[in-house]
Amino acid sequence: MPDSGMRILIVDDEPLVRSDLRYLLEHHGEWAGCMLDELEDGLAAQGRIRALWPDIVITDIRMPNMDGLMLMQQFRDDPGAPVFIVISGYSDFSYATQALRCGAADYLLKPIDEDQFYLAMRRASEMMARRRVYREGDSDTARAERPKPAVAWDEEALAHAEARCRDTIAQLLRAANYSALSKDAGRAIGHLLHGPEMAAADIAVREATWARLCQAVYAQCGRDQGPQPLLSDLPDASAACAHLLEVIATRPSDRALSDPRSTMWAVRQYLDANYMKPLTLTGVADRYGLNPNYMSTLFREVTGAGFVEYLTQTRLEQAKLLLMESMMSASRIAELVGFSSQPYFQRVFKDKLGMTPQQFRRAAQAGRA
């Protein structure tokens with residue numbers, strides 16, 4: 001059970017989120033007696049952390065003055081650093097990867113799931129307990145006081161935990177929603193690497209388990225496995241989790257592997273039919289079960305144009321037709337063909353065609369006369 005004197009800092013610019021997190025902590029027996037503090041931005045939190053040195057910091061990603069990732073980076077190499085739990089309303093994979101690389105105990109999406117939050121808190125509490133002991137050095141007293149593993153090492157239990165992780169990843173890799181895949185696969189890997197079965201094993205067993213997991217993930221993602229870092233060479237289990245999430249994130253999809261050209265032409269047809277909608281690379285990649293970076297590269301190779309370049313050119317061609325064949329205003333045309341604002345439409349139109357939409361209309365009318 002966590003120390004009742006544990007200090008916890010909540011950092012989020014939304015008062016309701018801070019209130020909800022405080023409620024969850026104050027009404028749960030494990031943390032009801034902890035000292036709680038809260039702030040609304042990362043810059044203020046940086047000073048408070050250096051003044052009070054809390055044990056756990058629960059921080060949002062996007063905040064004024066200093067975001068959560070930058071806040072974590074300020075304490076990344078500090079031996080007295082708190083354990084961070086990151087919460088965010090954004091399922092962007094890059095946020096999760098950066099947070100885990102900085103040593104976050106977990107990355108949770110808003111709205112916060114109560115069970116997942118308490119799991120993250122237990123993981124953070126265990127990490128802080130280990131850090132406290134290791135700071136005391138390797139004296140006989142410190143070694144004697146180090147927390148014992150939650151369970152004695154059980155080879156069969158670890159094998160089952162490893163199999164569950166591999167099976168979960170295999171199932172998730174068949175999913176079409178990329179952002180859900182990265183979040184849930186990260187949780188599955190984290191549960192194995194942070195779990196009691198792994199913690200109770202000796203270093204040789206942990207390294208062997210890590211090697212098998214790497215091999216399985218690479219194989220499931222259809223990638224050749226290069227040299228892998230040893231688990232003991234990585235800063236912590238969170239960094240190991242981030243390493244495998246990168247492998248998953250950059251995987252080519254099964255459809256792209258089997259017939260990349262037809263997949264990209266299907267993407268192109270989708271853009272041609274839906275150019276007027278607020279399309280994004282990530283959104284379209286999700287639709288086709290592709291990693292956004294991989295799809296961007298493949299789209300350019302197959303069509304000869306980048307995703308944004310092709311979408312912008314398609315919108316401009318439709319705008320030119322409307323300018324020639326209607327008397328609608330430029331702002332209305334910008335809206336109809338999918339540009340986010342009329343000033344942006346004006347700027348892009350002039351950059352690409354060397355004249356404003358109004359000048360293009362006048363020139364087209366003069367050419368007809």
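**View 1. Arginine 22, a partly exposed residue of helix H1.** At 24% relative accessibility, arginine 22 falls in the partly exposed class, because that class runs from 20% to 50%. We're looking at a predicted model here, and that goes for every view that follows. Arginine 22 sits in helix H1, which spans residues 15-26. Setting aside residues up to four places away in sequence, arginine 22 touches Ile10, Leu36, Asp37 and Glu38. Take leucine 36 from that set: 14 residues separate it from arginine 22 in sequence, yet their C-alpha atoms are 7.5 Å apart in space.

**View 2. The salt bridge between glutamate 38 and arginine 22.** Zoom in on the two side chains and you'll find the closest N and O atoms 2.9 Å apart. Glutamate 38 belongs to strand S2 and arginine 22 to helix H1, so this pair ties together parts that are 16 residues apart in sequence. How exposed is glutamate 38? It comes out at 27% relative accessibility, so it counts as partly exposed. Its partner arginine 22, at 24%, is partly exposed too.

**View 3. Helix H1 and its two faces.** H1 has 12 residues, and the distance from its first C-alpha to its last is 16 Å, close to the 16 Å expected at 1.5 Å a residue. Which residues of H1 are buried? They're Val17, Arg18, Leu21, Leu24 and Leu25. These buried residues cover an arc of only 125° around the axis, which means they sit on the same side of H1. Flip to the face turned away from that buried side and you meet the exposed residues Pro15, Leu16 and Tyr23.

**View 4. Aspartate 41, a buried acid without a salt bridge.** Aspartate 41 lies in the loop between strand S2 (35-39) and helix H2 (42-52). It's buried, yet it has no salt bridge. Which side chain of opposite charge is nearest to aspartate 41, and how far away is it? That would be arginine 18, 8.6 Å away; a salt bridge needs the side-chain nitrogen within 4 Å of a carboxyl oxygen, so this pair doesn't qualify. There is a polar partner to look at, though: the backbone nitrogen of leucine 43 lies 2.9 Å from a polar atom of the aspartate 41 side chain. Not counting residues up to four places away in sequence, aspartate 41 touches Val11, Met63, Pro64, Asn65 and Met66.

**View 5. Glutamate 14 and lysine 110, a link between distant parts of the chain.** The side chains of glutamate 14 and lysine 110 meet in a salt bridge, with an N to O distance of 2.9 Å. Glutamate 14 is in the loop between strand S1 (7-11) and H1, while lysine 110 is in the loop between strand S5 (106-109) and helix H5 (114-135), and the two are 96 residues apart. Both ends get some exposure: glutamate 14 is partly exposed with a relative accessible area of 38%, and lysine 110 is partly exposed at 21%.

**View 6. Arginine 300 and glutamate 309, plus a network elsewhere.** Here the side chains of arginine 300 and glutamate 309 form a salt bridge, 3.9 Å from N to O. With a cut-off of 4 Å, that distance still counts. Arginine 300 has a relative accessible area of 46%, so it's partly exposed, and glutamate 309, at 45%, is partly exposed as well. For an inset, pick the network in which salt bridges that share partners join Asp12, Glu14, Asp60 and Lys110.

**View 7. Alanine 188 in helix H8.** Alanine 188 is found in helix H8, residues 178-194. Is it buried or exposed? Its relative accessible area is 12%, so alanine 188 is buried, since buried means under 20%. Leaving aside neighbours within four places in sequence, alanine 188 is in contact with Cys165 and Thr168. Cysteine 165 is 23 residues from alanine 188 along the chain, with 5.5 Å between their C-alpha atoms.

**View 8. Zooming out to the whole protein.** Once you've been through the close-ups, here's the setting: the protein has 19 helices and 5 strands. Of its 369 residues, 46% count as buried. How many salt bridges does the structure hold? There are 11. Among contacts between residues at least 6 apart in sequence, 66% join residues at least 24 apart.

Definitions and conventions
Residues numbered from 1 in each chain as written. Predicted model: local features only at pLDDT ≥ 70, side-chain atom pairs only at ≥ 80, totals over all residues. Heavy atoms only, no water. Helix = DSSP H or I, 4+ residues; strand = E, 2+ residues; numbered from the N terminus. Buried < 20%, exposed > 50% of the residue type's maximum accessible area, 1.4 Å probe, protein only. Lys, Arg positive; Asp, Glu negative; His and termini not counted. Polar contact = N/O pair within 3.5 Å; in protein donor to acceptor, adjacent residues only side chain to side chain. Contact = heavy atoms within 4.5 Å. Expected span 1.5 Å × (residues − 1). Arc of directions from axis to C-beta.
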